Amino acid sequence: MRLISTVVPLAALSLSLSFSAMANAGEETRLLEAINSYRSQVQPCGNQASAELPPLAADPRLIMPVSNTSDLQQAMTRASYPMVTVQAITLSGPRDADAAMQAVRESFCQVVLDPQFVDIGVSREGRDWRIVLARPLLTARLRDWQSEGQALLSFVNTARSQPRQCGTQAFDAAQPLAWNASLAGAAEGHSRAMANNNFFDHKGRNGDTPGDRVELAGYQAQQVGENIAAGQDNARKVVDGWLASPGHCATLMTPAYRELGAAYAADPKSDAGIYWTALFGTPSGNASE
């Protein structure tokens, strides 16, 4: 269950840009896909580079009329969306998703690259667009981190059991991974560090890497990989998000991996509320495929 007992103050943003030309039907979906593609890679934004972020999930409750300028928080309540925070971007004039995405990159990169957001809704009326990004209260009844980590392993193995296209890479079905307690301990430590120190990155605040963490945990790795996620309130959503992201999907489907350890950690003071880490490993002595 979510460890947050109160809703934090609303963070709402409504800005406008002017463009021209006509939008086409279905462009809302194209814009959503473009935003997720943008988030899936490290991007320059302001004076720093973003982290590689998981995709945002489309939520129909966040699709709101562009012409409705009423209080955003009240609109979220009417839509029965139990939010922690929400932001809205308003664009006036882009003729299609490409033009809208250019406006987002140029003026709203810090909003769409904010790791606290989990869900998105895109609406359009003619040349006017509204993009709503939000993070909900966690409502799942989460068990201890070991149990949820093993649930995540089960979803990963289900995904690995069938051929899959990860972006431009095609993968055959791969053998299931076995649970490894050392990898799990290292995963829990990194999830806890992200939650308690309010950051989202493969590199720890002390500069350690996934390889450093598994070595410290006593795992002798020939190969190691790591997927991280933030904001999702159950293991299935985490894995679904990774499968929708080419880089995360490729790590998950890599046939050389033999073992996995995974964990979550939550901190109500952090931006995302909950953080997940999965460490994939091939122990020394195993031939990679």
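Select helix 8 (residues 235-243) together with helix 9 (residues 246-253): in this predicted model, the two pack at an angle of about 105°, with their axes 6 Å apart. Helix 8 and helix 9 are therefore roughly perpendicular to each other, since angles of 65 to 115 degrees count as such. Display the side chains where they meet. On helix 8, the residues to show are Val239, Trp242 and Leu243, and their partners on helix 9 are His248, Cys249 and Leu252. This contact comprises 5 nonpolar residues, 1 polar residue and no charged ones.

Keep helix 8 on display and add helix 5 (residues 145-160). Here the packing angle is about 40°, and the axes lie 9 Å apart. Helix 5 and helix 8 are therefore oblique to each other, and their crossing is right-handed. From helix 5, select Glu148, Ala151, Leu152, Phe155, Val156 and Ala159; these meet Ala235, Arg236, Val238, Val239, Trp242 and Leu243 in helix 8. By class, the residues of this contact are 10 nonpolar, no polar and 2 charged. Val239, Trp242 and Leu243 deserve a second look, as they are listed in the contact with helix 9 and also in the contact with helix 5.

Which element gives the largest share of the lining of the second largest pocket? Helix 8 does, with 3 residues. To view this pocket, centre the display on Ala57, Val118, Asp119, Gln232 and Lys237, which lie nearest its centre among the 21 lining residues. The elements that give two or more residues to this lining are strand 3 (57-58) and helix 8. The volume of the second largest pocket is about 310 Å³, and its lining divides into 10 nonpolar, 5 polar and 6 charged residues.

Turn next to the largest pocket, which holds about 380 Å³ of space. Select Gln48, Ser50, Ala51, Leu113 and Pro115, the residues nearest its centre out of a lining of 19. In this lining, 10 residues are nonpolar, 5 are polar and 4 are charged.

Keep Pro115 selected, because the cavity that follows has Pro115 in its lining as well. How many cavities of 30 Å³ or more are counted? The count is 1, and the space in the largest cavity is about 30 Å³. To surround the cavity, select Arg39, Pro54, Pro55, Leu56, Pro115, Phe117, Val118, Ala230 and Gln232. Of these lining residues, 7 are nonpolar, 1 is polar and 1 is charged. Val118 and Gln232 appear in this list and also among the residues nearest the centre of the second largest pocket.

The last stop is a further helix pair. Arg39, part of the cavity lining, belongs to helix 1 (residues 27-39), and the axis of this helix comes within 9 Å of the axis of helix 3 (residues 97-107). The two axes cross at roughly 40°, and helix 1 and helix 3 are therefore oblique to each other. Their crossing is right-handed. For the contact itself, select Glu27, Arg30, Leu31, Ala34, Ile35 and Tyr38 in helix 1, then Ala97, Asp98, Ala100, Met101 and Arg105 in helix 3. These contact residues divide into 7 nonpolar, no polar and 4 charged.

Notes. Residues are numbered from 1 along each chain as its sequence is written. This is a predicted model: local features need pLDDT of at least 70, side-chain atom pairs count only at pLDDT 80 or more; totals for chains, interfaces and linings use all residues. Side-chain values use heavy atoms; hydrogens and water are left out. Axes are lines fitted to C-alpha atoms, for helices over the stretch in contact, and angles run from 0 to 180 degrees between N-to-C directions. Helices (H or I, at least four residues) and strands (E, at least two) are DSSP runs, numbered from the N terminus. Angles under 35 degrees count as roughly parallel, over 145 as roughly antiparallel, 65 to 115 as roughly perpendicular and the rest as oblique. A crossing is left-handed if the near helix is turned anticlockwise from the far one by less than a right angle, and right-handed if clockwise. Contact means heavy atoms within 4.5 Å. Ala, Val, Leu, Ile, Met, Phe, Trp, Tyr, Cys and Pro count as nonpolar, Asp, Glu, Lys and Arg as charged, and the others, Gly among them, as polar. On a 1 Å grid over the protein atoms alone, a cavity is a set of points where a 1.4 Å probe fits but cannot get out, and a pocket is an open set with protein on both sides within 12 Å along at least five of seven lines; lining residues have an atom within 4 Å of a point. Grid points are joined across faces, edges and corners, and a volume is the space filled by probe spheres set on the points.
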